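Reader: I should like to go through the charged pairs and one of the strands in this model. Could we begin once the structure is on display?

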Amino acid sequence: QDALSQKNGQPGEDGGLDAAREALLVSFRLLRFILIFLCLAYLASGIFSVQEHERAIVLRFGALLEKPEGQVLGPGLYFAWPYPVDEIVRFPAQREVRLDLNENWSSAATGGGASETGLNPELESHLLTGDLNILHTLWTARYSVSDFAAFFRSFVDADPGAKSHDAERLISNILYNVVLKVSADIPVEQAFIGRQALQARVQSLARAELAGLKLATGLKLDGVELVDTAPPGAVAPAFNTVIDASNEKYTRIKNAQAYATTIVTEAGGQAGRLLAQAGAAEHVVR
């Protein structure tokens, strides 16, 4: 009967199997196309660009990748294996961090006075100057990342979008040590009268300390500013009287020097004119 059915052109059991087989083949072709498309899309997602205002590094399984273009990638189009193989870390090309250093500052100095009992070393930090006076200072530092690859290797928190506490702690420790060293080598008046020179000396020594570290930090100290200086609040009135007297002394000395320079210049000019007139008169007489 089956042979008769096939002879009459009616499908049999083999026809049903062929249809199922054809459906499976179509499904496998479609699935293969989808898999190829997904693989290509996955690889294409590894293409990335770096803009003019940013830089980037590539991490492969969390480690800094050595690339022919260099560890830090500049503006351009690049390829990296998509996540989780590679990870792209972007950061601004220029980013400066401001750090306030108030370790040697006192709330009493901010308030303009201190408790009548005097300075409490446990609560109020201070500096000791070369002439054995006590001083409070307030500093501000500005630093940036000059070599992000070195910075990434040196610090655990290498995300430029967040503050790196390790980097801040390093800069703070260097500046505190330098300020302590410089303050112990100068009289207290210089911190008030020669503030620019003190600031320049601290900045120079701090940069030298940072550059002299054996560890390549990738950090650059852009600037150091002496924001304010103050004596202990308990002796502030007497101290300010002395400082005002010293400022007046230096002001009068500078005014006297300027006046002396003016008088000498005018006298020289007048002497030149008298000599010229005398020479002219002598020539007429002859």
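**Salt bridges and a strand**

Author: This is a predicted model. With a relative accessibility of 4%, D86 counts as buried.

Reader: What does D86 form a salt bridge with?

Author: The partner of D86 is R60, and their closest N and O atoms are 2.8 Å apart. D86 belongs to strand β5 (residues 86-92) and R60 to strand β2 (residues 54-60), so this pair ties together parts that are 26 residues apart in sequence.

Reader: Is R60 buried or partly exposed?

Author: R60 counts as partly exposed, at 31% relative accessibility.

Reader: How many salt bridges does the whole structure hold?

Author: A search of the whole structure gives 5 salt bridges. Among them is the one between R201 and D185, at 3.0 Å from N to O. Here R201 lies in helix α7 (residues 195-211) and D185 in the loop between α5 and α6, so parts 16 residues apart in sequence are tied together.

Reader: How accessible is R201?

Author: R201 has a relative accessible area of 35% and is partly exposed.

Reader: Turning to D185, where exactly is the loop, and what does D185 touch?

Author: The loop runs between α5 (165-183) and α6 (188-193). Once neighbours within four places in sequence are set aside, D185 is in contact with G130 and R201. The side chains of D185 and R201 also share a polar contact of 3.0 Å.

Reader: And what separates the C-alpha atoms of D185 and D131?

Author: Their separation is 8.4 Å, although D185 and D131 are 54 residues apart along the chain.

Reader: A change of topic: which side chains of β6 point to which face?

Author: In strand β6 (residues 96-101), V97, L99 and L101 point to one face and are buried. E96, R98 and D100 point to the other face and are not buried. As a rule, side chains in a regular strand alternate between the two faces of the sheet.

Reader: Which residue does D100 form a salt bridge with?

Author: D100 forms a salt bridge with R98, and the closest N and O atoms are 3.4 Å apart. D100 itself is partly exposed, with a relative accessible area of 48%.

Reader: Which strand is β6 joined to, and what is the bridge partner of L101?

Author: β6 is joined by 6 bridges to strand β8 (residues 134-145), and the two run antiparallel. L101, one of the buried residues of β6, has W139 in β8 as its bridge partner.

How values were computed: Residues are numbered from 1 along each chain as its sequence is written. This is a predicted model: local features need pLDDT of at least 70, side-chain atom pairs count only at pLDDT 80 or more; totals for chains, interfaces and linings use all residues. Side-chain values use heavy atoms; hydrogens and water are left out. Helices (H or I, at least four residues) and strands (E, at least two) are DSSP runs, numbered from the N terminus. Contact means heavy atoms within 4.5 Å. A polar contact is a pair of N or O atoms within 3.5 Å; within protein, one must be able to donate a hydrogen and the other to accept it, and residues adjacent in sequence count only if both atoms are side-chain atoms. A salt bridge is a side-chain nitrogen of Lys or Arg within 4 Å of a carboxyl oxygen of Asp or Glu. Buried means under 20% relative accessible area, exposed over 50%, partly exposed in between (1.4 Å probe, protein chains only). Two strands pair if DSSP finds at least two bridges between them.
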